[in-house]
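Here are my notes on this entry, as numbered points. Please read them with the structure open.

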Amino acid sequence: MKIWKQILIILSVAAVFAAFNLSMYQLLTSRLSNNFSGATQAQMIDVGSYLPHNENSDLPRLDASLRLTDDLPVLDGAAALVPVYAAIIDNVYPEGCVTFEGGVFSDDNYYGENFAEDSAMQYKNTVRGYRAIVDGKTDILFCAGPSAEQKQYASENGAELVYVPIGLEGFVFFVNENNPVDSLTVDEIRKIYSCEITNWADVGGESRIINPVTRLEGSGSQTAFEAFMGECEVGRKSPFAITGASIGFSFRYYMDGIVGNDSVKMLSLGGIYPSAENIRNRSYPIVAEFYAIYRADNDNENIPLLIEWILSDEGQTLIEECGYVRIN
């Protein structure tokens, strides 16, 4: 009889632990597994897949009428636009002008991509890229519009920057693929980020906390998001939001063509999906321009030649073949 009591006690303790683990799985693990908060953070791209003059690179090629041989403008830019300026170098610049050294993630090289100092292609992304163009380390920067802090840095250093629109892109919001919500209105998204709407059930989804996730301050997508919010202030979300289902934002081709994660889906806005066609005809509500940016006092004569070519039919065809939408 004593042995049976001991066995019963052991089984009872095991049942309690099993029930506890199951409840924790339901409360946290199963919820967080499809939260996909990480997708809304800065995603590293494999720049090695977009190296100019490399037969294995994912770059479109055409018979360009412009060929530069010397005084090559150094090109840099945002992660989302690496395919664009890498393709420009591949089609217009001579072989041997890009030296890629690879690298590892570190405090000094936190984007994990290294180019030699004399390489015509660099990759500093938006935050460091704006400083590089102001400091004269880059000749043309390919980015979305600047933040207030980036404008101030240019002003404080006496740098007048010229912004030339060269293409169009859609600013998109995305959720986990299992989220039943496919479309939101602009007003609903603003209310989500201002924390007026905090449950997916209020916008046609399941009864679950909304986890609105933002990006790195000064990044192109964060600056675009702040412009989108306008007068609406971003609210302070609940500490329990991490157990809910996320919503994030980025640019269309960065999510669809570069990151390419099948676990997320882009949302329609007011029923209009952010397709290339809807961006081209501007029926999608949030269309952003991206720019070729240079210092007004840069006397490299190849800068205006290159930008004129980018705006030509050849250059705009290249923009389209890179996966973006032409400006003209």
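**Notes on the fold and its interior**

1. Start with the cover over helix α3: the elements packed on its buried residues include β1 (75-77), β2 (140-143), α4 (148-156), β3 (161-176), α6 (220-229) and β9 (287-295). The buried residues of α3 (residues 125-135) are Asn125, Thr126, Gly129, Tyr130, Ala132, Ile133 and Val134. Right after the helix comes Gly136, with a positive phi near 80°.

2. Keep in mind that this is a predicted model. The protein chain has 10 helices and 10 strands. Of its 328 residues, 48% count as buried. Counting contacts with a separation of 6 or more, 74% join residues 24 or more positions apart. The exposed surface is about 16,200 Å², and carbon and sulfur atoms supply 51% of that area.

3. Which residues touch the most other members of the largest nonpolar core? They are Phe142, Phe173, Ile247 and Leu306, in a core of 72 residues. Helix α2 (residues 82-92) is the top contributor, with 8 residues. A further core of 12 residues lies apart from this one; Val134, Ala154, Leu161 and Ile293 are among its members. As background, nonpolar side chains tend to be buried together in soluble globular proteins.

4. Leu306 deserves a look of its own. Setting aside neighbours within four places in sequence, Leu306 is in contact with Leu66, Leu68, Leu75, Ile88, Val92, Tyr93 and Ile140.

5. Next, the loop between α3 and β2, where Thr138 lies. Is Thr138 buried or exposed? Thr138 counts as buried because its relative accessibility is 2%, against a cut-off of 20%. Beyond its neighbours within four places in sequence, Thr138 is in contact with Val74, Leu75, Asp76, Lys124, Ala132 and Ile133. Two of these partners, Ala132 and Ile133, are buried residues of α3.

6. Val213 also sits in a loop, between β5 (210-212) and α6. Its relative accessibility is 7%, so Val213 counts as buried. Tyr193 is 20 residues away from Val213 along the chain, and their C-alpha atoms are separated by 8.4 Å.

7. Now internal space. The structure holds 1 cavity of 30 Å³ or more. About 40 Å³ lies in the largest cavity. Its lining consists of Val84, Ala87, Ile88, Trp309, Ile310, Gly315, Leu318, Ile319 and Cys322. Helices α2, α9 (302-310) and α10 (313-321) each give at least two residues to that lining. By class, the lining has 8 nonpolar residues, 1 polar and no charged. Ile88 in this lining is also a contact partner of Leu306.

8. Two backbone angles should be checked. Asp71 is not a glycine, yet its phi is positive, near 50°. Asp71 is placed in the loop between α1 (2-33) and β1. Asp71 counts as exposed because its relative accessibility is 57%, where the cut-off is over 50%. Cys195, not a glycine either, has a positive phi of about 65°. Cys195 is found in the loop between α5 (186-193) and β5.

How values were computed:
Residues numbered from 1 in each chain as written. Predicted model: local features only at pLDDT ≥ 70, side-chain atom pairs only at ≥ 80, totals over all residues. Heavy atoms only, no water. Core = buried A, V, L, I, M, F, W, Y, C linked by side-chain atoms within 4.5 Å. Buried < 20%, exposed > 50% of the residue type's maximum accessible area, 1.4 Å probe, protein only. Helix = DSSP H or I, 4+ residues; strand = E, 2+ residues; numbered from the N terminus. Contact = heavy atoms within 4.5 Å. Areas by Shrake-Rupley, 256 points an atom, 1.4 Å probe, with all protein chains shown as cover. 1 Å grid on protein atoms, 1.4 Å probe; cavity = no way out; pocket = protein on both sides within 12 Å on 5 of 7 lines; lining within 4 Å. Points joined across faces, edges and corners; volume = space filled by probe spheres on them. Nonpolar A, V, L, I, M, F, W, Y, C, P; charged D, E, K, R; others polar.
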